[in-house]
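Me: I'm new to this one and would like a close look at a single part of it. Please pick a good place to start and work outward from there.

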Amino acid sequence: MMRHMDLSNPLATITPTLDAGVLQVLATTTGGRTAGEVHRQLQRGSDSGIRRVLERLTLQGVVNADRTHRFPLYALNRHHVAAPYIEGLASLRQAVVASLRRELLGWAQPPLHAGIFGSFARGEAHEASDIDLLLVRPTGLVEGQDEEWLEAIGRLRAAVEGWTGNEAQILDVAPETLAAMARSRDPLVESWRRDEVHLTGVDLRALLGTSL
């Protein structure tokens with residue numbers, strides 16, 4: 001069975017322990033963090049568990065501890081030979097976004113608009129989450145091009161699952177359908193306005209502005 005990636009904590013792909021979450025926080029922040037701040041940002045584990053992980057990682061040299069303050073400040077040791085790999089794993093979300101953009105820009109019939117929505121766009125995705133994509137079809141597709149469009153969507157779905165192990169849920173919408181949804185104040189459209197991560201094509205807000 002294919003293991004899905006925890007898209008909010010990609011380091012868990014390598015180690016599913018609390019260490020992964022702690023390293024994820026430190027790798028994506030600058031400056032020092034107290035154990036309490038790491039715990040609040042991670043939102044799991046216990047204060048004592050977070051402190052134990054931080055102290056163990058400090059002993060291993062992966063984390064630096066500044067003990068000149070009332071509470072120690074912990075930071076990823078970016079001089080450590082493992083640091084680039086930790087940072088690379090921590091930034092897998094951005095790598096997925098970049099891969100999606102490259103894939104879509106290579107289409108013979110690129111979408112009028114493409115974006116990510118849902119939990120992945122909000123940074124709340126986990127290992128059971130799908131990657132939700134909105135694709136607005138280009139106008140004027142003829143019969144042969146329509147088949148090519150559907151084949152490209154199938155390839156994109158397979159590519160996303162190959163990159164992450166997570167399923168891709170792709171919403172394929174014609175421009176006239178998007179316009180009707182916008183006019184009817186569909187709640188899904190409001191969620192797109194609020195959360196969507198733009199990938200390619202016309203900006204969604206500009207596109208919706210022409211639909212109202």
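Reply: Let's start with helix H8, where Glu176 and Arg183 are exposed, both on the side away from the helix's buried residues. Exposed means over 50% relative accessible area, buried means under 20%, and partly exposed is in between, using a 1.4 Å probe and protein chains only. Before going on: this is a predicted model, where local features need pLDDT of at least 70 and side-chain atom pairs count only at pLDDT 80 or more, while totals for chains, interfaces and linings use all residues. Residues are numbered from 1 along each chain as its sequence is written, and side-chain values use heavy atoms, with hydrogens and water left out.

Back to H8, which covers residues 175-183 and has Pro175, Leu178, Ala179, Met181 and Ala182 as buried residues. Look down the helix axis and these buried residues fall within an arc of 165°, so they line one face of H8; the arc is that of the directions from the axis to the C-beta atoms. The helix names, by the way, are DSSP runs (H or I, at least four residues), strands are runs of E with at least two, and both are numbered from the N terminus.

So what does that buried face sit on? The buried residues of H8 pack against E4, E5, H9 and helix H10 (204-209), where contact means heavy atoms within 4.5 Å. After H8 comes Arg185, with a positive phi near 55°.

Two of those partners, E4 and E5, lead us to the sheet. Its four strands run in the order E5-E4-E3-E6, forming an open sheet with mixed pairing. Strands E5 (168-173) and E6 (197-201) are the edges: each has a single partner strand, so one side of each is left without a neighbour in the sheet. Direction ignored, neighbouring strands here are turned by 20° against each other on average. The angles I quote run from 0 to 180 degrees between N-to-C directions, and axes are lines fitted to C-alpha atoms, for helices over the stretch in contact.

Zoom in on E4 (residues 131-136) and you'll see that E4 and E5 pair in the parallel sense over six bridges; two strands count as paired if DSSP finds at least two bridges between them. For instance, Leu134 has Leu171 in E5 as its bridge partner. Helix H7 (residues 143-164) packs on this sheet too, touching E4 and E5, with its direction at about 155° to that of E5. Then there's helix H9 (residues 187-195), which touches strand E3 (113-117), E4, E5 and E6, and whose direction makes about 85° with that of E3.

Over at the E6 edge, have a look at Thr200, which is part of that strand. Thr200 is buried, with a relative accessible area of 8%. Apart from neighbours within four places in sequence, Thr200 is in contact with Arg101, Leu104, Leu105, Pro111, His113 and Ala114.

Elsewhere in the chain, H4 (residues 83-90) makes a nice companion to H8. Its buried residues are Ala83, Ile86 and Ala90, and they fall within an arc of 65° down the axis, so they line one face of H4. Among the elements covering them are H1, strand E2 (73-76) and helix H5 (92-105).

H1 (residues 18-27) packs on H4 at an angle of about 95°, with the axes 9 Å apart. The two helices are therefore roughly perpendicular, the word used for 65 to 115 degrees; under 35 is roughly parallel, over 145 roughly antiparallel, and the rest oblique. From H1, Leu23, Gln24 and Ala27 meet Ile86, Glu87 and Ala90 of H4.

As for E2, it pairs with strand E1 (residues 63-66) in the antiparallel sense over four bridges. Val63 has Leu76 in E2 as its bridge partner, and a hairpin of six residues joins E1 to E2.

Finally, zoom out. The protein chain has ten helices and six strands, and buried residues make up 43% of its 212 residues. Its C-alpha atoms fill a box of roughly 65 × 35 × 30 Å along the principal axes.
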